[in-house]
Amino acid sequence: DIFTHKNLTFDAHQRLLSINKKEQKLTHKESELLKLLFRHKNKTLLRKNALDSIWQDDNYFNSRSMDVYITKLRKYLKPQPDLEIMTIHGEGFKLVNLT
């Protein structure tokens, strides 16, 4: 699975995110979460679906853990200002193209 957006390339198999030729190696969970977000680009990724898919359980502690991963992914995507992970209150997250 390779996802692209302008000067961003994300190779989910190698867990490698490249923006402006700067590479960031992702952890397994970061990569799985970003892959789900790209597969649901511009659509809401339900929190429960992501937790069940990656953590196999949607309990409170896993939910808080996922929030930490979302924060990390937002930081990694910062150099790509037209791509943003939005929080959809009470539902989940959405990777949106702002242009």
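**View A. Phenylalanine 3 and phenylalanine 38 are both buried (under 20% relative accessible area, 1.4 Å probe, protein chains only).** This is a predicted model, where local features need pLDDT of at least 70, side-chain atom pairs count only at pLDDT 80 or more, and totals for chains, interfaces and linings use all residues. Residues are numbered from 1 along each chain as its sequence is written, and side-chain values use heavy atoms, without hydrogens and water.

**View B. The structure holds five aromatic pairs (ring centres within 6.5 Å).** The rings of phenylalanine 3 and phenylalanine 38 have centres 5.2 Å apart and planes at 15°, so they are stacked (under 30 degrees). Ring pairs link Phe3, Phe10 and Phe38 into a cluster.

**View C. Tyrosine 60 and phenylalanine 61 form an edge-to-face pair (planes over 60 degrees apart).** Their ring centres lie 5.5 Å apart, with planes at 80°. Tyrosine 60 is exposed (over 50%) at 53% relative accessibility. Phenylalanine 61 is exposed too, with a relative accessible area of 65%.

**View D. Helix 1 (residues 28–39) crosses helix 3 (residues 60–77) at roughly 75°.** Helices are DSSP runs of H or I, at least four residues, numbered from the N terminus. Their axes, lines fitted to C-alpha atoms over the stretch in contact, come within 10 Å; angles run from 0 to 180 degrees between N-to-C directions. The two helices are therefore roughly perpendicular (65 to 115 degrees). Contact means heavy atoms within 4.5 Å. Leu33, Leu34 and Leu37 are among the helix 1 residues that meet helix 3, where the partners include Met66, Tyr69 and Ile70.

Notes
Angles under 35 degrees count as roughly parallel, over 145 as roughly antiparallel, 65 to 115 as roughly perpendicular and the rest as oblique. Rings of Phe, Tyr and Trp (its six-membered ring) pair if their centres lie within 6.5 Å; planes under 30 degrees apart count as stacked, over 60 as edge-to-face and the rest as tilted.
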